[in-house]
Amino acid sequence: MATVIKKVDLPGGETSRQFEGYLHGDANISFFINDTPPGKGPSLHQHPYEEVFIVQDGCLTFTVGHTTFDAVAGQIVVVPPETPHKFINAGPEPARHVDVHVSPRMITTWLEG
């Protein structure tokens, strides 16, 4: 049987909503749905699994390992497991993106405050 979930029913707020698969019929995936404000983004962190970023609108400046680059609408960024990474919205408008965690539970190790 299919499960239908409203975005507004997911934990989070106006700029980010969180889906963890283990809470929804044991789905083997988790993700954030984001509208990241200009100048904002998470601090450096890593996961024991891949994270896939689907940039829908805007421009995100990523730091992945020792490399920094921009990703824009229509691009997908794949970060390997155990790789330190972070991003910031480099544009003047909110950046829309979906951040897929290849795991039914989100596991994050924060590397900076």
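This text walks through the aromatic rings of the structure and how they pair. The model is predicted. It holds 5 aromatic pairs.

Start with Phe19 and Phe31. Their rings are stacked, with 4.6 Å from centre to centre and 10 degrees between the planes. Planes under 30 degrees apart count as stacked, so this pair fits that class. Phe19 belongs to strand E1, residues 16–20. Phe31 belongs to strand E2, residues 30–36. The two residues are 12 apart in sequence, so their pairing ties together separate parts of the chain. Phe19 is also buried, and its relative accessible area is 9%.

Now turn to Phe53 and Phe87. Their ring centres lie 5.7 Å apart. Their planes stand at 75 degrees, so the pair is edge-to-face. The cut-off for that label is over 60 degrees. This pair links distant parts of the chain, 34 residues apart. Phe53 sits in strand E4, residues 51–57, and Phe87 in strand E8, residues 85–89. Both partners count as buried. Phe53 has a relative accessible area of 0%, and Phe87 has a relative accessibility of 7%. Buried means under 20%, so each residue qualifies.

Phe53 and Phe87 also belong to a wider group. Ring pairs join them with Phe62 and Phe69 in a cluster.

One last ring has a charge for company. The charged end of Arg105 sits over the ring of Tyr22, at 3.6 Å from the ring centre.

Key:
Residues are numbered from 1 along each chain as its sequence is written. This is a predicted model: local features need pLDDT of at least 70, side-chain atom pairs count only at pLDDT 80 or more; totals for chains, interfaces and linings use all residues. Side-chain values use heavy atoms; hydrogens and water are left out. Rings of Phe, Tyr and Trp (its six-membered ring) pair if their centres lie within 6.5 Å; planes under 30 degrees apart count as stacked, over 60 as edge-to-face and the rest as tilted. Helices (H or I, at least four residues) and strands (E, at least two) are DSSP runs, numbered from the N terminus. Buried means under 20% relative accessible area, exposed over 50%, partly exposed in between (1.4 Å probe, protein chains only). A charge sits over a ring if NZ of Lys or CZ of Arg is within 6 Å of the ring centre and within 35 degrees of the ring normal.
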